[in-house]
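Work through the exercises below with the model open beside you. Try each task before reading its solution.

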Amino acid sequence: MSARPRDDGSATKSQHNKVQGKGWHNVSEAESEKVVVKSKVWQAGEPPKQAFIDIKERFAINESRLRKMETYVTSSEFQLNRELSKL
């Protein structure tokens, strides 16, 4: 077992974070860029309501990932893996 945080298996996770050596490093993706909100009907971008829904969904996904990482890092399995890697 590795000492890295676990994924829930979705394909987009590997696109957002890349493991390079030790630790996690964020990778810039089109999905993680700014949400463009239009103020006029004829402008390009998302309507404010849809932009809010999209941003709220991003925060929910990040919150879920953070909870999983915190659960793993505070587990006895993480401590065991850490001790075994020191040997």
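**Exercise 1: a pair within one helix**

Arg-67 and Glu-63 sit four residues apart in helix 2, about one turn of the helix. This is a predicted model: local features need pLDDT of at least 70, side-chain atom pairs count only at pLDDT 80 or more, and totals for chains, interfaces and linings use all residues. Numbering starts from 1 along each chain as its sequence is written, and side-chain values use heavy atoms, with hydrogens and water left out.

Task: decide what Arg-67 forms with Glu-63.

Solution.
- Step 1. Take the criterion: a salt bridge is a side-chain nitrogen of Lys or Arg within 4 Å of a carboxyl oxygen of Asp or Glu.
- Step 2. Check the distance. The closest N and O atoms of Arg-67 and Glu-63 are 3.0 Å apart, and the pair forms a salt bridge.
- Step 3. Recall the principle. Side chains of opposite charge can pair when their charged atoms come close.
- Step 4. Add the accessibility classes: buried means under 20% relative accessible area, exposed over 50%, partly exposed in between (1.4 Å probe, protein chains only). Arg-67 is exposed at 52%. Glu-63 is partly exposed at 37%.

**Exercise 2: complete the search**

Task: how many salt bridges does a search of the whole structure find?

Solution.
- Step 1. The search finds two.
- Step 2. Lys-86 forms a salt bridge with Glu-83, with closest N and O atoms 3.8 Å apart.
- Step 3. Locate the pair. Both residues lie in helix 3 (residues 76-86), three residues apart, about one turn of the helix.
- Step 4. Classify them. Lys-86 is exposed at 61% relative accessibility, while Glu-83 is partly exposed at 44%.

**Exercise 3: the span of helix 2**

Task: compare the reach of helix 2 with its expected span.

Solution.
- Step 1. Helices (H or I, at least four residues) and strands (E, at least two) are DSSP runs, numbered from the N terminus.
- Step 2. Helix 2 covers residues 48-73, 26 residues in total.
- Step 3. The expected span is 1.5 Å times one less than the number of residues. For helix 2 this is 38 Å.
- Step 4. From first C-alpha to last, helix 2 reaches 37 Å, close to that value.
- Step 5. Ala-51, Arg-65 and Tyr-72 are buried in helix 2.

**Exercise 4: a loop residue**

Task: which residues does Val-35 touch, not counting those up to four places away in sequence?

Solution.
- Step 1. Place Val-35 in the loop between strand 2 (24-26) and helix 2.
- Step 2. Apply the contact rule, heavy atoms within 4.5 Å.
- Step 3. Val-35 touches Glu-46, Ala-51, Ile-55 and Arg-58.
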